[in-house]
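Here are a few short exercises to work through with the structure open. Try each one before you read the solution.

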2 protein chains.
Amino acid sequence: MLKLFYSNIMNEIIGDNGLSLKDFESLDTDKVIKMIKLKQYDELAFIDLPQQQTSEIKEIAKIAYEFDNFLLIGIGGSALGPRSIVEALSPYHNLRKTPKVFIYDNVDPLTLSTIFELIDLKKTLINVISKSGSTAETAASFMIVWQKLKERGISPQKNMIITTDPKKGNLRKIVNDYNLKSLPIDPKVVGRYSVLSPVGLLTAQIIGVNCEELLLGAEDITQKCILQKLWDNPALLLSSAIYLLDKKFNRNVTVMLPYTDRLKSFSEWFCQLWAESLGKQGKGLTPYPSVGTTDQHSQLQAWMEGLQQYVVIFISLNDYKADFQFPDIFNDIDGLNYLRGHSLAELIKIEQEATEIALSKNGKPSLTINIPSVDGYYLGQLFHLFSIATAMTGFYYGVNPFNQPGVEEGKDLTYGMMGKKGYENKKEEFTHYREKKYKYSI
Amino acid sequence: MLKLFYSNIMNEIIGDNGLSLKDFESLDTDKVIKMIKLKQYDELAFIDLPQQQTSEIKEIAKIAYEFDNFLLIGIGGSALGPRSIVEALSPYHNLRKTPKVFIYDNVDPLTLSTIFELIDLKKTLINVISKSGSTAETAASFMIVWQKLKERGISPQKNMIITTDPKKGNLRKIVNDYNLKSLPIDPKVVGRYSVLSPVGLLTAQIIGVNCEELLLGAEDITQKCILQKLWDNPALLLSSAIYLLDKKFNRNVTVMLPYTDRLKSFSEWFCQLWAESLGKQGKGLTPYPSVGTTDQHSQLQAWMEGLQQYVVIFISLNDYKADFQFPDIFNDIDGLNYLRGHSLAELIKIEQEATEIALSKNGKPSLTINIPSVDGYYLGQLFHLFSIATAMTGFYYGVNPFNQPGVEEGKDLTYGMMGKKGYENKKEEFTHYREKKYKYSI
């Protein structure tokens, strides 16, 4: 089981910037646990994802093994989860294994044309992911790819899977009209909480991970995350600590800092979850996607001596699955010879702890999650721990962690300019604002 | 020339959250320009990088063309600049071109072992970059690679370049002792401001970009960035606006949001520059690395309705160098048929503007930098614009934008645990703190 160390948020350890046991007592943790357990939002359905059947996913994955490439088209939660799975569990995948995985999560035409240049569509399985079936970016890419298949005489029935709502939406209609392969996304599971649905699991299975390992990890951590007692429940402790550090000290930037390259995309997955779930009604917490040791040479200066704004969440790792002893060379050079007798894994682990200690000495709060290794099981634990903790944090702030009303305006303006029916007034508004933009410029 | 649009920070456009012309008049812009022009810090030497000779860089790049792989070992400024050049100017480089480029900017042993598995060292040119020559992570990787070369009977004289201080440091000593190829880094140029030194230029040249294009772009924008008049000077306007939005409204998170996948790493380059230069003396601004349209489905919710903390810097692009017309299909589906008659490049450009307008309507400040295309020339402009603007912002806050005193403590603790001479007391301290860590955990 992953471990959560939280000494470095306590005033006993870090001084005046820390929390007391009393601070925690002020929280109504029972209410939060009750909301989780009674599923007071339908969208808490994501917690039960570990119970799903995976046979359909495994069947489709088998088909994928016959292809050279797997092209995923999706954006936001439909892409960040799958990408973090690939990078964590099969680093440098495309240089080492097939099917190669391409994730197109933007509408940058050059990226798409580069992908078309790199892959033979005939040998490519395409997975289009959008729960609603109406995400503009995904719909746009889907239509272009569909047309390309048509031009090349490739059958979508063979080369395409649609991952969408089991009943509703444009994509489901197309699945039915054209008899396409498809996977369902439970309508109650919101995009950013969907990594352990078919959205992420199919990719996991395709890169050679048994997707049930992820679910098993998620299931095991869930058992701890529904415990009533704060001091036994890592999700509750995490959300309580972060909420209190903001309320008490205005620390509203949450840094996700795993000490392994393999979890860099995991940090980005977390950033969507955190920002979109909490940032509403003038409230929220700003996430920051980091990676150690690299960001010791980029962000650490600011965390140590900049604004009193940061709470750092370290992820430390025991087994890096590789190591190198430092050789017995350059003994005459003082700046190098101290490494002898040590190893690279030792160095990265010591740097992680040293950074934690440096922050602590300086009165800067941090939490540390330790995992034995980066594999499907522990990645499943991390996904579910943070998904549950994010919902809980939303409950503390009194916001709905499952909606995203703030993105509608931009969508509507886009619809207006693209000529979607019913959005004519948005086109006018767009044009009006565009003129203003040109007033001040250099 | 790039253009800077700043209507959406003005109260005339966005209302009470915006700035007035009077706000700008309160600033001593003359003083800032004077500091830049008179080079009141030696480290402002980076401004003159466009004048450097590039013949040596080009000679070494020619050697690189004989290799299958180019392995760069460096961290922080030594890696973020080169990586942003590769991703911007040669997307998906390793799937398309040789020499393949690997950038090892961490001490994760699995990453290194994966790189060793993927490349034949005999066919690899290795570039070790550290100005001081004593960066622990770079030194560590250097030693392991050196030993590997030795074991395989490969001569470092043939397969290695060292990029370091022209006279001082461990790496320079090794260059001299072993007669290695090397490139100099001007001792006055700080790591995070060094992308247009040999640090970044060699990589540019190796991936097939004429490095002088970057310098020409930088030179041209510099001419605008030293103009006395605020309203003519994009770097001064940028830094003044961001400083004022913080002072007046406490907006202390700066979001870098280019609308192209190719500038994703550029955002990360910016984040180091911004965080490490400004985050000191309890002051600073928190950067956030973003990319559009992707982050409309990740971060936009928080910028629109979350904390009143953000200033968004858009980078918009005119020519995506590729495009796709939406096909005339699925006419019966309302959620798709509005795309017909449009193109993918049109969509991404409209989404960029729609997001800008949605923020503006909602009273949220943003700036937009427009570039005609992503090429060496405009990337050079962006690098120098933001480098100069960062220094200027530091001057407004009254901090030294060229040092990073806050990272020393972590280094010293690491030295202590690794047994470096003179750091024995740090080892004790480390052990003492480590014990405390175990007090509170789940």
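**Exercise 1.** Which residues in α17(A) meet which residues in α19(B)?

Solution. Keep in mind that this is a predicted model. Start on the chain A side: L347(A), I350(A), E351(A), A354(A), T355(A), I357(A), A358(A) and K361(A) make the contact. Across from them in α19(B) sit E409(B), G410(B), L413(B), T414(B), M417(B) and M418(B). Sorted by class, the contact has eight nonpolar, three polar and three charged residues.

**Exercise 2.** Work out how α17(A) is oriented against α19(B).

Solution. First get the angle: the axes of α17 (residues 344-361) of chain A and α19 (residues 408-418) of chain B come within 8 Å and cross at roughly 135 degrees. Angles over 145 count as roughly antiparallel and 65 to 115 as roughly perpendicular, so α17(A) is oblique to α19(B). As for handedness, the crossing is right-handed.

**Exercise 3.** Find the operation that puts chain B on chain A.

Solution. A rotation of 180 degrees with 0.0 Å of shift along its axis does it, with an RMSD of 0.0 Å. That's the relation of a two-fold axis. In chain B, the C-alpha nearest the axis belongs to Y288(B), 3.4 Å from it. Both copies use the same surface, as 99% of chain B's contact residues recur in chain A.

**Exercise 4.** Lay out the five-stranded sheet of chain A.

Solution. Write down the order, β3-β2-β4-β5-β6, for an open sheet with parallel pairing. Then pick the edges: β3 (100-104) and β6 (181-184) of chain A each pair on one side only. Zooming in, β5 (residues 160-164) of chain A pairs with β6(A) over four bridges, and I161(A) stands opposite K181(A).

How values were computed. Residues numbered from 1 in each chain as written. Chains lettered and ligands numbered in written order. Predicted model: local features only at pLDDT ≥ 70, side-chain atom pairs only at ≥ 80, totals over all residues. Least-squares fit on C-alpha atoms with pLDDT ≥ 70 in both. Contact = placed C-beta atoms within 7 Å. Axes fitted to C-alpha atoms, helices over the stretch in contact; angles between N-to-C directions. Helix = DSSP H or I, 4+ residues; strand = E, 2+ residues; numbered from the N terminus. Parallel < 35°, antiparallel > 145°, perpendicular 65-115°, else oblique. Left-handed = near helix turned anticlockwise from the far one by under 90°. Nonpolar A, V, L, I, M, F, W, Y, C, P; charged D, E, K, R; others polar. Pairing = 2+ DSSP bridges.
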